[in-house]
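Dear colleague,

I am passing on the structure we spoke about, and below it you will find notes on what turned up when I went through it. Please read them with the model open beside you.

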Amino acid sequence: MTIHTVNTTAFSGQRPGTSGLRKKVSEFQQSAYLENFVQSIFNTLGDCAGQTLVVGGDGRYFNRHAIQVILRMAAAHGFAKVLVGQGGILSTPALSCVVRKRGASGGIVLSASHNPGGPDGDFGIKYNIANGGPAPEKITDAIYGQTKVITEYRTSDAGELDLDVIGGARIEQMDVEVIDPVADYAALMGELFDFAAIKALFAGGFTMRFDGMHAVSGPYAHAILEGLLGAPTGTVINGTPLEDFGGHHPDPNPVNAAELVALMSVQDAPDFGAASDGDADRNMIVGRGIAVTPSDSLAIIAANAGVAPGYRGGIKGIARSMPTSTAPDRVAQALKVPCYETPTGWKYFGNLMDAGMVTLCGEESYGTGSSHIREKDGLWAVLFWLNLLAASGKPVATLVREHWARFGRNYYSRHDYEAVESVAAEELMTHLREQLPTLAGQVIDGYTVDLADDFVYKDPVDGSIASKQGVRIVMTDGSRIVFRLSGTGTEGATIRLYLERYERDVAMHDMPAQEALAGLAALADRLAGLHQRTGRDRPTVTT
Ligand code: G16
């Protein structure tokens, strides 16, 4: 084995987005494309000698190849040890858990999350820091800086390592340990939740469907739900990770998990349904006849946190991304704990959790989690709901309705306009920004605009500023229209329109969400010139 320095040329466009670098597989397959990005990570870290790194991914196409490349490059940079999940598999939350538990200096996550996989799909790479969470912007900016000036990378000419056998190996001076991808994570879940109560629930005939969407949550769900908790075999469907996710879009929302939602709508539906995404950090919660919005799920978890042993001492605070509905804010107010509003991106929660300022975090994009790790955690949310169902003895729909009756209902929807021409999307945002100074105080379609701005976040821990994080138009009755461009798409631009309307009156809690939000949607279209500028007459995806 020899270490080589290889000359290379910089690629443009290797700027990490909302969550790491995500591109088409074909782009990653260009010679040295991955190597350049990995070298840029290592250049940013500086001296890697003696450090421990955790590496794993969601099993999508290119995952195994990428891991071999990273192992050889890590060995060439003097890492003392790399922990890698068996088969190259580690869900994003499990990687965060392993980094924290084993005291690693960081981790590399290989995933494009909810984006489709396979040779024609997407791939992604993200660096996580020693707290187990996504690197903050100052690090991702530095990585991007390195990608622009890179001239060489260092690697070993070692052969391929067998990733399928648990145990130790060595590349150059570096130890490699292939670990069970589930064990550490499952043990942590056992500490947080009342497994005995959930086990008793299943033993009593409670039925559930968990859709792994042929992505990485399958092995975790099989081991925890059907293994440790005794749910009948067949509870987990699509539970084998496939390199192309079986051709499906592993995004757990009512559109991409329509089959599960349909199954939950029939008369003899299972008691509980759930789904997770490509890398198992997202979750969708479905009851018999009801899909719970992610914002409501966070609010309900917060209001009932004490049912789970890990949260009996109470929660310190909640954080939600700006576009997420304000339902959690009402719970925080009742609990007399702070609620922080951050930009979109899990990385913004890390400082708040590290500083002990919040316990629970969540986003409208089907992400929920807590300070047990520093990533959102799909199965964690599902286990929380199971714990709540076991403790309350009530069905999902009753819990949701009771929550609305107590706190009011935040009607909520996100309209995505995908693969829009980038210039048109930028122009739409500029057009909105130009109107902001004059909107406050105006009465439009019966709504009085209370606040109109382009969201700026000042991190209360380190004082860093993130600006241009989305245009928000907030009405005096609490209704909101939010526009932003996605930072995770790989084709053109994706315009996200978020709509929220608050209803205190229980008699008004039974409307279909799109009907309740139709007025706001029409107003949003008028303000942004959405349909005219995009040439679309409806969103690509409505959740
Ligand atoms: C990522 C981020 C989330 C974000 C989501 C959507 O999730 O971690 O914080 O909410 O993307 O971002 P955007 O609206 O910019 O597309 P994931 O599950 O894709 O890693």
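How much space lies in the largest pocket? Please bear in mind that this is a predicted model; in it, the largest pocket holds about 1,000 Å³ of space. Its lining consists of 38 residues, and the closest to the centre of the pocket are Gly 17, Thr 18, Leu 485, Ser 486 and Gly 487. Strand E2 (21–24), helix H5 (137–149), helix H15, strand E25 (480–485) and strand E26 (493–503) each contribute at least two residues to that lining, which by class divides into eight nonpolar, 17 polar and 13 charged residues.

Apart from the pocket, the structure contains four cavities of 30 Å³ or more. The largest cavity has a volume of about 340 Å³ and is lined by 35 residues, with Thr 18, Ser 19, Arg 22, Gly 345 and Thr 488 lying nearest its centre. At least two lining residues come from each of strand E6 (122–128), H5 and E26, and E6 provides the largest share, three residues. The lining of the largest cavity is made up of nine nonpolar, 13 polar and 13 charged residues.

The second largest cavity encloses about 50 Å³, and the residues that line it are Ser 19, Arg 22, Thr 92, Val 109, Ser 111, Ser 113, Gly 124, Ile 125, Lys 126 and Asp 279. Here too E6 supplies the largest share of the lining, with three residues, and the classes are two nonpolar, five polar and three charged.

Helix H15, which you have already met in the lining of the largest pocket, deserves a paragraph of its own. H15 runs over residues 422–439, and at 1.5 Å a residue its 18 residues should span 26 Å, which agrees with the 26 Å between its end C-alpha atoms. Its buried residues are Ala 424, Ala 425, Leu 428, Met 429, Leu 432, Gln 435, Leu 436 and Leu 439. Seen down the helix axis, these buried residues fall within an arc of 140°, so they line one face of H15. The spacing follows a general rule: an α-helix has 3.6 residues a turn, so residues three or four places apart point the same way. On the face turned away from the buried side, H15 carries the exposed residues Glu 434, Pro 437 and Thr 438, and just after the helix Gly 441 takes a positive phi of about 95°.

Two residues other than glycine also have a positive phi, and you may wish to look at each of them. Ala 32, with a phi of about 75°, is found in the loop between helix H1 (25–28) and helix H2 (33–45), and counts as buried because its relative accessibility is 13%, where the cut-off for buried is under 20%. Lys 336, whose phi is near 60°, has its place in the loop between helix H11 (327–335) and strand E16 (339–342), and is exposed, with a relative accessible area of 74%.

Finally, a note from the record: the unreviewed UniProt entry carries the annotation "domain: Alpha-D-phosphohexomutase alpha/beta/alpha" for residues 14–153, 185–286 and 295–407. In the model, residues 14–153 are 39% helix and 24% strand, with end C-alpha atoms 16 Å apart, while residues 185–286 are 34% helix and 15% strand, with end C-alpha atoms 24 Å apart.

With best wishes

How values were computed. Residues numbered from 1 in each chain as written. Predicted model: local features only at pLDDT ≥ 70, side-chain atom pairs only at ≥ 80, totals over all residues. Heavy atoms only, no water. Helix = DSSP H or I, 4+ residues; strand = E, 2+ residues; numbered from the N terminus. Buried < 20%, exposed > 50% of the residue type's maximum accessible area, 1.4 Å probe, protein only. UniProt positions renumbered as here; feature names shortened; annotations may be inferred. Expected span 1.5 Å × (residues − 1). Arc of directions from axis to C-beta. 1 Å grid on protein atoms, 1.4 Å probe; cavity = no way out; pocket = protein on both sides within 12 Å on 5 of 7 lines; lining within 4 Å. Points joined across faces, edges and corners; volume = space filled by probe spheres on them. Nonpolar A, V, L, I, M, F, W, Y, C, P; charged D, E, K, R; others polar.
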